[in-house]
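Student: I have the sequence and the structure open. Can we go through them a piece at a time?

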Amino acid sequence: MRNVFINILLFVVLAVAFSGLTGCPGSPTVNPNSETSNTNSKANSNQTKSSEYPPLPVAIAQADVELLDGSKFKIADRKGKVLLLNLWATWCGPCRAEIPELVAMQDTHREKGFQVLGLDVGDGDGGQETVEQIRTFGEKFKVNYELARISNETTGEFYRFTKFNGVPISILVDKEGRIRGVFMGGGPRVLGQMKAAVEKLVDES
């Protein structure tokens, strides 16, 4: 009976510990260095507390982003808007779970120059998800913001910057291209932090 009690207690502890792991692992073909892989050493919301906000890394800001119509742009081209860069994939459960909140934020703040960009990271095996897969997924989940694809190299830059090798990842960027929040993984706590940061930023912009 003692062993049964210990086993039950161990199971409960492990269940609580793993309940906070709400992200999906990234593509195995992306290899961020050992200091940045599979580590969530930052808080889920890394908002700078000083008046100096860091700019979005050049490798991310200048990377090509492919829209579903085949056209391309760079994130830097969207300067002048408040951006929420959301890395996701159709196969990622936590990514799907947060979509209704992203849709609501887009609806609520659209008129204040706010824009969610859903950046698909691929199929999890190093390949890209097809445009048709992404478009069908967006229609099913009634996505009201732009969906696009990024390369493995660009995905790797996000992983290196955030020190988190997985999705979802969301980075909040102000109208000047400065980072105002980094949110890694999913779940109510992260979404609550994200919504509060977005509301604060659009109100000050």
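Student: What volume does the largest cavity have?

Tutor: About 40 Å³. Keep in mind that this is a predicted model.

Student: And how many cavities of 30 Å³ or more are there?

Tutor: The count comes to one.

Student: Which residues line the largest cavity?

Tutor: Its lining is made of Asn86, Trp88, Cys95, Ile99, Phe137, Val143, Tyr145 and Leu147. The elements that give two or more residues to that lining are β4 and α3.

Student: What's the lining like by class?

Tutor: Seven residues of the largest cavity's lining are nonpolar and one is polar, with no charged residues.

Student: How does anyone find empty space like that?

Tutor: A probe the size of a water molecule is rolled over the atoms, and this shows where empty space is left.

Student: Ok, pockets. What's the volume of the second largest one?

Tutor: The second largest pocket has about 170 Å³. It is lined by 17 residues, and the closest to its centre are Leu56, Ala61, Ala76, Glu176 and Gly177.

Student: How many of the lining residues there are charged?

Tutor: Six of the residues lining the second largest pocket are charged, while eight are nonpolar and three are polar.

Student: Phe137 was on the cavity list. Which residues of helix α4 are buried?

Tutor: In α4, which covers residues 131–140, the buried ones are Ile134, Phe137 and Gly138. Looking down the helix axis, these buried residues fall within an arc of 100°, so they line one face of α4.

Student: Why would residues that aren't next to each other in sequence end up on one side?

Tutor: An α-helix has 3.6 residues a turn, so residues three or four places apart point the same way.

Student: What do the buried residues of α4 pack against?

Tutor: They pack against strands β4 (82–88), β5 (114–120) and β6 (146–149), and against helix α3 (93–109).

Student: And which residues are exposed on the other side of α4?

Tutor: Glu139 and Lys140. Just after the helix, Lys142 has a positive phi of about 55°.

Student: New topic. How many residues are in the largest nonpolar core?

Tutor: It has 53 residues, and Leu85 and Leu119 have the most contacts inside it. Helix α6, residues 188–204, gives the most to this core, with seven residues.

Student: What does Leu119 contact, leaving aside its neighbours within four places in sequence?

Tutor: Leu119 is in contact with Val65, Ile75, Leu85, Asn86, Leu87, Trp88, Ala148, Ile150 and Phe158. Of these, Asn86 and Trp88 also line the largest cavity.

Terms used. Residues are numbered from 1 along each chain as its sequence is written. This is a predicted model: local features need pLDDT of at least 70, side-chain atom pairs count only at pLDDT 80 or more; totals for chains, interfaces and linings use all residues. Side-chain values use heavy atoms; hydrogens and water are left out. On a 1 Å grid over the protein atoms alone, a cavity is a set of points where a 1.4 Å probe fits but cannot get out, and a pocket is an open set with protein on both sides within 12 Å along at least five of seven lines; lining residues have an atom within 4 Å of a point. Grid points are joined across faces, edges and corners, and a volume is the space filled by probe spheres set on the points. Ala, Val, Leu, Ile, Met, Phe, Trp, Tyr, Cys and Pro count as nonpolar, Asp, Glu, Lys and Arg as charged, and the others, Gly among them, as polar. Buried means under 20% relative accessible area, exposed over 50%, partly exposed in between (1.4 Å probe, protein chains only). Helices (H or I, at least four residues) and strands (E, at least two) are DSSP runs, numbered from the N terminus. The arc is that of the directions from the helix axis to the C-beta atoms. Contact means heavy atoms within 4.5 Å. A nonpolar core is a set of buried Ala, Val, Leu, Ile, Met, Phe, Trp, Tyr and Cys residues joined through side-chain atoms within 4.5 Å.
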